[in-house]
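Visitor: I'm new to this structure and would like a close look at one part of it. Could you pick a spot where two helices meet and walk me through it?

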There are 2 protein chains.
Amino acid sequence: MPRCLVIDDVVALRRDLHAHPELAFEEKRTTDLIVDQLLHLGLLPQVLPGGTGVICDIGTTGRMIALRADIDALPINDLKDVAYRSRVDGVCHGCGHDAHTAILLAAAAELVRVEVPGRIRLIFQPAEESLPGGAVSVVAAGALDGVEQIFALHCDPRLETGLIGARIGPITAACDQVEVVVSGPGGHTARPHLTVDVVYAMGRLITELPGLLSRHVDPRAALSLVWGAVDAGRAVNAIPMSGRLRGTLRVFDRNAWDAAEPLVRTLVDQVMAPSGARAETTYQRGVPPVINDPTAVAVQRAAVVSALGPAALAETEQSMGGEDFAWYLDSVPGALARLGVRRPGAAPFDLHQGTFDIDEDALTVGVRYTVALARAALARTVE
Amino acid sequence: MPRCLVIDDVVALRRDLHAHPELAFEEKRTTDLIVDQLLHLGLLPQVLPGGTGVICDIGTTGRMIALRADIDALPINDLKDVAYRSRVDGVCHGCGHDAHTAILLAAAAELVRVEVPGRIRLIFQPAEESLPGGAVSVVAAGALDGVEQIFALHCDPRLETGLIGARIGPITAACDQVEVVVSGPGGHTARPHLTVDVVYAMGRLITELPGLLSRHVDPRAALSLVWGAVDAGRAVNAIPMSGRLRGTLRVFDRNAWDAAEPLVRTLVDQVMAPSGARAETTYQRGVPPVINDPTAVAVQRAAVVSALGPAALAETEQSMGGEDFAWYLDSVPGALARLGVRRPGAAPFDLHQGTFDIDEDALTVGVRYTVALARAALARTVE
């Protein structure tokens, strides 16, 4: 069987992906690389209908489990001074999807070498960083047909390298996207009273909406609105005609999630009313919480213990992060695990920072875990 | 004497300038056009040392007065649906400087035809829309040497076409530029508590600084801080590392103007403190108020009456607008007048709007007034 060099070197693979990040649904080069690697393994990868993302099966008979990696990057600047830093301005693998992809490819290389009692479907999914997420189109393409359990992992800088975090039940939050376009007639900064001060109106939305939501929603729902981007005007001395404010709304509680959209729309209109500005709210309902199946978590834990020993097993909290892996779990049971990527003693850092980087020792941990996970899951499902 | 066609058609001239706007200190095409027109009049235009803007004298002996037009455009989008709309994306003559320039050129064409008892210095000034303003470099280039009085006009949509507004004493406000760069470590919108929420911090500055200033400054000083532009972040789900906020601070009172910079710096730091964000304030002191000389205003009024009749004379208020014409008045006496540009019955509109346009009948009014003004000023100064 032909074997390419890169796939045996998970660090090189991850660095190559890291240097060439691509945004949601634009993962052309990444898809080509995945296809090349899988072809070298003698597998038959299928590119997804949208042109990015790949599905590929290992094995041809028996029950089937799926392993999913997400492949897209974020629209943020890479601020690291390393040889493998992003070569694309304003795009960066600031969420570790490069690691997820490299780990799944390297695990595949190992899994084709060993006998597996069933079939493993590899899902290299595009557009996890968009809402409602690329998972929706993957599911629509039939990727879950015949799949009995599905698994994924996500880099977690709160956990030290060597640890895998598992949790039964909800492990992420619901996450929606809120966009408000505020507009008025524009004018001269000398005469705000003759027009509508759009920037000031946006300032009120930025500060008041989170506070007002906290007075309308049970604190135990853990609802949190955080703005990620604001943009209005170019001239220092002209009041702009419009501006745009974008952010995420995250919430643990399902009822609060259902109530969030109409509540946000009402509060935006009420906060805007005294300013005279027009506000157009676009509320993009995102993903529900990822709810890990207890049986699938048991498989994860067994895999951690067999591959890394019992000390590698960590509990983890429900995160406010959103994950479109939730959509797969609407159809089949499964579980998401957390992969520790913080070098012991390293300073705290977080996902989505321009300085985000992983301890690359975590890559082989991830590969060993993933290989063991696939085998444990199939061993279980063929029982 | 050669005579180009355009200079006799002030509407065509204004429309040509309007369609080709240029930002502060980039007025190359505008400068070339002015030079061409003046050469066609048999004059000897001198381009200013910075490469844009023009000085040109009519007449060679006798006492000298100056007429100033500003030639730059604004960084705003032209939103008009007219044949002469801006052909430059994001740049627009939204302040009427195209009209000022066309009027002074057309007045020059008339003034070279008639006998004038002295010298008229034409000043086509770049960069009025920047701070501290292009006037500073024009004065530094010696443009006021030998000048006894200087005059300018500015389009005013509050006045109907046919009216010229005059005022003794302050007619504009002091105007400074405030820029605050807010920064933090960046992070994930799921975990604002682990980083600094830069957009939220900026929202607090946007809303709180104007209110706090109003509690620290005598209301009679008419101090007003208005933000024109805000920009932070691109990803909806990532907290950005920095953002920038820019606006103008305007004030009538000279003492309040002197106190404004340290006050703004202190308040910015205090408002930022609870957010944990770092704020870097750049305070660009701008222009003082334009203070019209009583004798120069008397000349203006005489010119209005002789050119347009007494009904054309209007009083005008002190505006919150800033004008770098103030710098000329530091050296020589003079006055700024307001040119009515609103067609009677037209809906209210303001300078610096993307929909700003003038009633072009105001152009011939401006030319007739300017010619009469030059003659009246020289008649007076040679008395």
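Guide: Here is a walk through one pair of packed helices, with a short look elsewhere afterwards. Keep in mind that this is a predicted model. Two packed helices are described by the angle between their axes and the distance between the axes.

Our pair sits in chain B: helix H5, residues 198-216, and helix H6, residues 254-272. Their axes come within 10 Å and cross at roughly 135°. Because of that angle, H5(B) counts as oblique to H6(B). As for handedness, H5(B) passes H6(B) in a right-handed crossing.

So who does the touching? On the H5(B) side you'll find B:Ala201, B:Arg204, B:Leu205, B:Glu208, B:Leu209, B:Leu212, B:Leu213 and B:His216. H6(B) answers with B:Leu263, B:Val264, B:Leu267, B:Val268, B:Val271 and B:Met272. Sort the contact of H5(B) with H6(B) by class and you get 11 nonpolar residues, one polar and two charged.

Just past helix H5 in the other chain there's a little oddity. A:Ala222 lies in the loop between helix H5 (198-216) and strand E10 (224-232) of chain A. A:Ala222 isn't a glycine, yet its phi is positive, about 55°. This alanine is partly exposed, with a relative accessible area of 22%.

Back in chain B, look at the loop between strand E4 (119-125) and helix H4 (135-140), where B:Pro132 lies. The peptide bond joining B:Leu131 and B:Pro132 is cis, with omega about 0°.

Note on methods
Residues are numbered from 1 along each chain as its sequence is written. Chains are lettered from A and ligands numbered from 1 in the order in which they are written. This is a predicted model: local features need pLDDT of at least 70, side-chain atom pairs count only at pLDDT 80 or more; totals for chains, interfaces and linings use all residues. Side-chain values use heavy atoms; hydrogens and water are left out. Axes are lines fitted to C-alpha atoms, for helices over the stretch in contact, and angles run from 0 to 180 degrees between N-to-C directions. Helices (H or I, at least four residues) and strands (E, at least two) are DSSP runs, numbered from the N terminus. Angles under 35 degrees count as roughly parallel, over 145 as roughly antiparallel, 65 to 115 as roughly perpendicular and the rest as oblique. A crossing is left-handed if the near helix is turned anticlockwise from the far one by less than a right angle, and right-handed if clockwise. Contact means heavy atoms within 4.5 Å. Ala, Val, Leu, Ile, Met, Phe, Trp, Tyr, Cys and Pro count as nonpolar, Asp, Glu, Lys and Arg as charged, and the others, Gly among them, as polar. Buried means under 20% relative accessible area, exposed over 50%, partly exposed in between (1.4 Å probe, protein chains only).
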